[in-house]
Amino acid sequence: MEITNQEFNLFRVYIEEVSGISLEEEKTYLIESRLKGLLDEFGCHNYGELYRKAKENASPLLRNKIVDAITTNETLWFRDKGPYVVFEQMFLPEMVRQIAAGKSKVRIWSAACSTGQEPYSLAMGISEFLLWHGNGVADHSHFEIFATDISSQALSVGELGAYDQLSMGRGLSDAYKMKYFKQTGRFSIIDSKIKKMVEFKEFNLLNDFGALGTFDAIFCRNVAIYFSHDVKVQLFEKLRNILRPGGIFIVGTSETLSYYSKGFKGMEFNNYPYYVS
Ligand SMILES: C[S@@+](CC[C@H](N)C(=O)[O-])C[C@H]1O[C@@H](n2cnc3c(N)ncnc32)[C@H](O)[C@@H]1O
């Protein structure tokens with residue numbers, strides 16, 4: 001079944017409405033191939049029918065399934081290294097100093113966490129850091145990692161904390177594999193102490209951030225690249241509003257805020273970029 005231009009355009013608008021993801025004209029094949037499986041599943045003869053069902057919200061499941069199919073959940077452990085150098089060598093020492101001075105909670109948000117590698121990398125980084133530099137004042141209970149994504153399918157992997165060998169082979173040192181995972185059949189299960197540090201929740205970045213509270217560090221990496229200029233501007237402004245004074249904001253290596261936000265200030269630590277507000 002081929003998707004017509006008209007059906008493609010309807011889905012393009014729908015997908016941007018529900019997720020912010022902006023698809024270019026040449027992505028016809030992507031929509032067609034990724035949504036193909038849903039035609040049978042939802043008893044539709046063509047993409048137009050599928051669109052109408054989605055638009056009328058005929059099945060609450062359908063919207064989630066379209067989002068799961070369209071989102072790109074590519075991720076890996078300690079992705080790009082630089083952000084974790086900034087986090088572990090610059091941010092965490094400062095947080096431990098603040099904890100010693102009375103700060104009760106350090107809140108970190110992994111704002112498009114996909115299958116959990118990003119928030120768990122942060123949790124492992126914190127755990128290692130505390131072992132050597134907790135100074136008897138900071139422990140796991142001072143850190144809270146909030147991990148969100150729009151894709152319920154991706155989140156379910158993180159919530160389970162079980163990774164196949166392919167995922168385990170991407171970015172994890174042997175030492176961390178041994179220390180923080182237990183092999184069970186085909187899967188490696190994340191250590192329960194690390195798992196307990198992360199709270200997963202479904203959350204759409206288009207939504208209002210009012211109920212989230214404020215954060216000391218925000219990782220919003222490799223997601224805004226899918227959004228239009230206007231959606232990026234709104235997103236970065238909302239993020240700036242919930243970043244605590246002195247907090248850090250980290251985007252993907254290929255991303256920059258220059259065209260989208262005047263409120264953030266670009267900084268560097270050991271040549272690795274991060275932002276403050
Ligand atoms: C390429 S992954 C990036 C994962 C991780 N941050 C990293 O850099 O490795 C992009 C993630 O953004 C999520 N996403 C896309 N649109 C979103 C939205 N509107 N709200 C929340 N998450 C969204 C996708 O589901 C996907 O898991």
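**A walk around helix H3, two domains and a ligand**

Visitor: What follows H3, and what is its phi?
Guide: This is a predicted model, and in it H3 is followed by Asn 57, whose phi is positive, near 55°.

Visitor: Which residues of H3 are called buried, and what makes them so?
Guide: In helix H3 (residues 47-55) they are Tyr 47, Leu 50, Tyr 51 and Ala 54. The label needs 20 or more other C-beta atoms within 10 Å of a residue's own, so these four have met that cut-off.

Visitor: How do you know that they line one face of the helix?
Guide: Look down the axis of H3: its buried residues fall within an arc of 100°, so one face holds them. It helps to recall that an α-helix has 3.6 residues a turn, so residues three or four places apart point the same way.

Visitor: And what do the buried residues of H3 pack against?
Guide: Helix H1 (5-19), helix H2 (28-41) and helix H4 (60-70) are their partners.

Visitor: How is the chain divided, and how far apart are the C-alpha centres of the domains?
Guide: You get domain 1 (5-70) and domain 2 (82-276), with their C-alpha centres 30 Å apart. Still, 7 residues of domain 1 are in contact with 11 residues of domain 2. On the domain 1 side, H4 gives the largest share, 3 residues, and that side divides into 2 nonpolar, 4 polar and 1 charged.

Visitor: Which domains does the shell around the ligand draw on?
Guide: Both domain 1 and domain 2 supply at least three residues each. Of the 24 residues around the ligand, Thr 71, Thr 75, Ala 112, Ser 114 and Ile 150 come nearest. The shell splits into 8 nonpolar, 11 polar and 5 charged.

Methods: Residues are numbered from 1 along each chain as its sequence is written. This is a predicted model: local features need pLDDT of at least 70, side-chain atom pairs count only at pLDDT 80 or more; totals for chains, interfaces and linings use all residues. A residue is near a molecule or strand if its C-beta atom, placed from the backbone, lies within 6 Å of it. Ala, Val, Leu, Ile, Met, Phe, Trp, Tyr, Cys and Pro count as nonpolar, Asp, Glu, Lys and Arg as charged, and the others, Gly among them, as polar. Domain bounds come from an automatic or database domain assignment. A residue is buried if 20 or more other C-beta atoms lie within 10 Å of its own, exposed if 12 or fewer, and partly exposed in between; C-beta atoms are placed from the backbone. Helices (H or I, at least four residues) and strands (E, at least two) are DSSP runs, numbered from the N terminus. The arc is that of the directions from the helix axis to the C-beta atoms. Two residues are in contact if their C-beta atoms, placed from the backbone, lie within 7 Å.
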